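Please open the structure in your viewer and keep the sequence panel beside it. The tour below moves from one selection to the next and says what is there at each stop.

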Amino acid sequence: VSGYNAQIVDVNESKGILVLPGGKEIPVKDNPITVGRNDVSEYVEFKIGKNPNEVSSQQFTIFRLPSQSSIINEGYDYFIEDRITSVQNKPSTNHTKVNGEDITGQLKKELHDGDKIEFAHIEECVAIFQTR
């Protein structure tokens, strides 16, 4: 068709990116990603007498699902869950926050471009979710 420019979009290409403090980027693709204290170890300060186990090795999980509207996010919606513990599949008590809201106990919370994710029990450690 003359005068019509179509852009082909590969919906399998990751458009969701988690940007950790310090600039490290983790793409969100088909497999859920779990982010924990090892990913941001330079921000974890253990003081004498503080139990390092207070900072969860599995803070939260980010995943994508096919969008209800293929126009939005080029085929995917992105979600975050406070990490579920492996013990009897009970919800975590990490208290991960998204834009200041504690998401503990929520099955999944939708993520949007620019959302700020605060790591539980790690002061001033904030990641940014971006869509590209």
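## A walk through the two sheets

Begin by selecting residues 60-66, which are strand S4, together with residues 76-82, which are strand S5; the two strands pair in the antiparallel sense, and seven bridges link them. Bear in mind from the start that the model is a predicted one. Within this pair of strands, look for Ile62, which has Ile80 of S5 standing opposite, and then for Phe63, whose bridge partner in S5 is Phe79.

Stay with S5 and turn to its other pairing, where S5 and S8 run antiparallel and are joined over three bridges. Phe79 can serve as the marker here as well, since Glu110 in S8 stands opposite Phe79. If you show the surroundings of S5, you will find that six of its seven residues are buried, so the strand is largely enclosed by the rest of the structure.

Now widen the selection to the whole sheet, which is open and has four strands in the order S3-S4-S5-S8, paired antiparallel. Its edges are strand S3 (33-35) and strand S8 (109-111), and because each has a single partner strand, one side of each is left without a neighbour in the sheet. From one strand to the next, the twist averages 35°.

## Asp82 and its polar contacts

Next, select Asp82, which lies in strand S5. Is Asp82 buried or exposed? Asp82 is buried, because its relative accessible area of 5% falls under the 20% cut-off for that term. Display its side chain along with those of Thr96 and Thr104: a polar contact of 2.5 Å joins the side chains of Asp82 and Thr96, and another, of 3.1 Å, joins the side chains of Asp82 and Thr104.

## Gln59 in the loop before S4

Move from there to Gln59, which you will find in the loop between S3 and S4. Gln59 is buried, with a relative accessible area of 0%, and its side chain reaches the backbone nitrogen of Ala120 at 2.7 Å. What is in contact with Gln59, once its neighbours within four places in sequence are left aside? The contacts of Gln59 include Asp82, the residue of the previous stop, as well as Val35, Thr96, Phe119 and Ala120.

Val35 is the next residue to select, and it is found in strand S3. Val35 is buried as well, with a relative accessible area of 1%. Not counting residues up to four places away in sequence, Val35 touches Leu18, Leu20, Ile26, Gln58, Gln59, Phe60 and Phe119. You may also draw a distance from the C-alpha atom of Val35 to that of Arg83: the two are 48 residues apart along the chain, and 8.9 Å separates these atoms.

## The second sheet

Two of the residues that Val35 touches, Leu18 and Ile26, lead to the next stop, where Ile26 in S2 is the bridge partner of Leu18. Select strand S1 (residues 16-19) with S2, and you will see an antiparallel pair joined by four bridges. The two strands form a hairpin with five residues between them, and in the turn Gly22 has a positive phi of about 95°. Strand S2 itself (residues 25-28) has a covered face made up of Ile26 and Val28, while Glu25 and Pro27 belong to the uncovered one.

On the other pairing of S1, strand S10 (residues 126-131) runs antiparallel to S1 and is joined to it by four bridges; here Ile17 stands opposite Gln130 in S10. Selecting the full sheet shows six strands in the order S2-S1-S10-S9-S6-S7, an open arrangement with antiparallel pairing. S2 and strand S7 (101-102) are the edge strands, each pairing on one side only.

## Last stop: the nonpolar core

In soluble globular proteins, nonpolar side chains tend to be buried together. In this model, the largest nonpolar core has 23 residues, and Leu18, Ile62, Ile117 and Phe119 are those with the most contacts inside it. The elements giving two or more residues to this core are S2, S3, S4, S5 and S10, and the largest share, three residues, comes from S5.

To finish, select Ile62 again and show what surrounds it. Leaving out residues up to four places away in sequence, Ile62 touches Leu18, Val28, Pro32, Ile33, Phe79, Ile80, Leu111 and Ile117.

How values were computed. Residues are numbered from 1 along each chain as its sequence is written. This is a predicted model: local features need pLDDT of at least 70, side-chain atom pairs count only at pLDDT 80 or more; totals for chains, interfaces and linings use all residues. Side-chain values use heavy atoms; hydrogens and water are left out. Two strands pair if DSSP finds at least two bridges between them. Axes are lines fitted to C-alpha atoms, for helices over the stretch in contact, and angles run from 0 to 180 degrees between N-to-C directions. Buried means under 20% relative accessible area, exposed over 50%, partly exposed in between (1.4 Å probe, protein chains only). A polar contact is a pair of N or O atoms within 3.5 Å; within protein, one must be able to donate a hydrogen and the other to accept it, and residues adjacent in sequence count only if both atoms are side-chain atoms. Contact means heavy atoms within 4.5 Å. A nonpolar core is a set of buried Ala, Val, Leu, Ile, Met, Phe, Trp, Tyr and Cys residues joined through side-chain atoms within 4.5 Å.
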